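Here's a quick briefing to go with the model you have open. It starts with the overall picture and then gets into the charged side chains.

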Amino acid sequence: MTQNNTQTTLRLQSILSHLTSTMSYFSNVPQAPADGILKLSVLSKADSNPHKVDLGVGAYRDDQGKPWVLPVVRKAEQRLANDPAANHEYLGVGGLPSLTSGAQKLIFGADSPAVRDGRVYTIQTISGTGANMVAAVFLKQFKQPQDAAVYISKPTWGNHRSIFQTAGHEVREYRYCNYDTLGLDINGMLADLRNAPRNQIVLLHACAHNPTGIDPTNEQWQQIADVIQERGHFPFFDCAYQGFATGDVDNDAYAIRLFVSRGMETLVAESFAKNMGLYGERTGCLHAVTASADTIPAVSSQLNRLSRATISTASAYGAKIAGTVLQDKELYNEWVADMGEMSRRIKKMRELLRDKLVAMKTPGSWEHVAKQIGMFSFTGLSTKQVQVLRDQYHLYMTDDGRISVAGLNSNNIDYVAKAIDQVVRSVN
């Protein structure tokens with residue numbers, strides 16, 4: 001019996017060893033949900049139909065449907081190429097000073113009391129996404145109270161929820177889009193912010209709301225600020241389209257400057273992907289505005305620590321381009337003109353699409369397409385209609401009917417308008 005037991009034990013150990021050796025360490029990792037935007041991009045790239053129109057990509061295109069390198073960016077690159085002192089050394093942990101100081105003035109204004117009084121700290125980040133992530137981790141560690149949730153608009157940029165949940169926050173929604181009028185549900189938004197527990201974190205789009213293109217008016221921003229201040233909420237701004245939204249950098253920064261002028265502390269994520277066309281260079285900043293300059297050393301030290309732990313130092317090339325443009329008056333003025341050109345083309349395409357749908361008497365109202373702001377338009381098309389447009393007409397847009405207006409141009413707008421008209425008439 002002893003010998004048999006020993007043999008059985010050895011055999012079981014051998015089987016167990018074999019099973020253990022063939023079991024992956026990663027066997028408990030589940031499949032992540034597909035990213036809708038990335039999935040759409042893959043489908044579009046695989047479609048070789050000559051009538052294909054990609055209205056999903058969140059990047060500017062010129063009237064020939066091509067990526068546009070801003071002329072001022074070309075000039076800045078040439079300056080860098082001709083600089084004999086140019087090198088590829090690491091930046092400091094805080095980033096490139098010409099970028100961070102220029103970005104401060106851009107967001108808060110050249111005469112900002114907060115900047116003048118030393119109440120703003122700016123750290124360079126991996127574009128706006130990196131700024132959001134650094135802010136999310138920072139707030140998770142230091143938010144007051146520790147059980148505060150992050151409130152995001154319904155709807156919002158798809159990555160917001162993922163970023164803040166990954167950092168460990170509870171994420172809740174406040175009403176934003178009125179799905180009947182495709183305008184701002186200001187009453188629902190104010191009610192949700194007012195009824196939320198005190199001292200929550202509220203994520204706000206500074207301008208050109210993604211995905212709706214619906215922005216509050218200045219008067220509505222004042223109402224929003226009133227409620228956030230009354231309830232003790234902490235405002236966090238995501239600003240990815242300053243200057244691109246309306247062509248006016250000061251107008252697009254109105255909300256941020258309003259909150260700061262009222263003495264509210266805030267964090268602001270800033271990206272130079274859209275307004276300077278530095279998509280792949282991943283150039284951005286995170287700004288912290290405090291009530292007193294005395295807290296800046298501690299806040300800056302923690303933001304630097306987080307950045308050091310994740311990326312060590314930020315990317316240099318895009319920062320040098322942006323810093324050059326921001327610090328040179330002549331280049332800055334050219335950049336403002338370039339942004340104006342992009343903004344005007346987007347506005348023209350909005351109006352053309354609206355006009356063509358109205359001329360064809362396409363069922364429904366299409367005024368919202370022209371009234372919305374920035375790169376995106378929330379069309380109101382249903383998921384079923386979007387699918388038919390994709391399958392039969394090779395038009396690619398997100399399932400919620402959001403289109404990138406930058407994907408429209410003189411060569412495809414007639415085709416797009418006719419396709420939308422036909423599908424709206426035939427698909428409920």
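What follows is a short tour of the chain as a whole and then of its salt bridges.

This is a predicted model, so keep that in mind when you look at the distances below. The chain has 428 residues, and 50% of them are buried. Its secondary structure comes to 18 helices and 13 strands.

**Overall layout**

- Along the principal axes, the C-alpha atoms of the chain fill a box of roughly 95 × 60 × 55 Å.
- If you count contacts with a separation of 6 or more, 77% of them join residues 24 or more positions apart.

**Surface and charge**

- About 20,600 Å² of the chain is exposed, and carbon and sulfur atoms supply 52% of that area.
- On the charge side, there are 43 positive and 41 negative side chains.
- The centres of those two sets sit 4 Å apart.
- The salt-bridge count for the model is 14.

**The R79–D328 pair**

- R79 and D328 meet through their side chains in a salt bridge, at 2.9 Å from N to O.
- R79 belongs to helix α3 (residues 71-82), while D328 is in the loop between α14 (317-327) and α15 (329-359), so this pair ties together parts that are 249 residues apart in sequence.
- How accessible is R79? Its relative accessible area is 40%, which makes R79 partly exposed.

**The R354 network**

- R354, D355 and E367 are linked in a network of salt bridges.
- One link in it joins the side chains of D355 and R354, with an N to O distance of 2.6 Å.
- Another joins the side chains of E367 and R354, this time at 3.1 Å from N to O.
- That E367–R354 pair connects distant parts of the chain: E367 lies in helix α16 (residues 367-371) and R354 in helix α15, 13 residues apart.

**Buried or exposed in the network?**

- R354, which takes part in both of the bridges just described, has a relative accessibility of 16% and counts as buried; the cut-off for buried is under 20%.
- D355 comes in at 39% relative accessibility, so D355 counts as partly exposed.
- E367 is partly exposed too, with a relative accessibility of 35%.
- Put together, the network has a buried arginine, R354, bridged to the partly exposed D355 and the partly exposed E367.

Technical notes. Residues are numbered from 1 along each chain as its sequence is written. This is a predicted model: local features need pLDDT of at least 70, side-chain atom pairs count only at pLDDT 80 or more; totals for chains, interfaces and linings use all residues. Side-chain values use heavy atoms; hydrogens and water are left out. A salt bridge is a side-chain nitrogen of Lys or Arg within 4 Å of a carboxyl oxygen of Asp or Glu. Helices (H or I, at least four residues) and strands (E, at least two) are DSSP runs, numbered from the N terminus. Buried means under 20% relative accessible area, exposed over 50%, partly exposed in between (1.4 Å probe, protein chains only). Contact means heavy atoms within 4.5 Å. Accessible areas come from the Shrake-Rupley method with a 1.4 Å probe; for residues, only the protein chains shown count as cover. Lys and Arg count as positive and Asp and Glu as negative; His and the chain ends are not counted. The place of a charge is taken as NZ of Lys, CZ of Arg, CG of Asp or CD of Glu.
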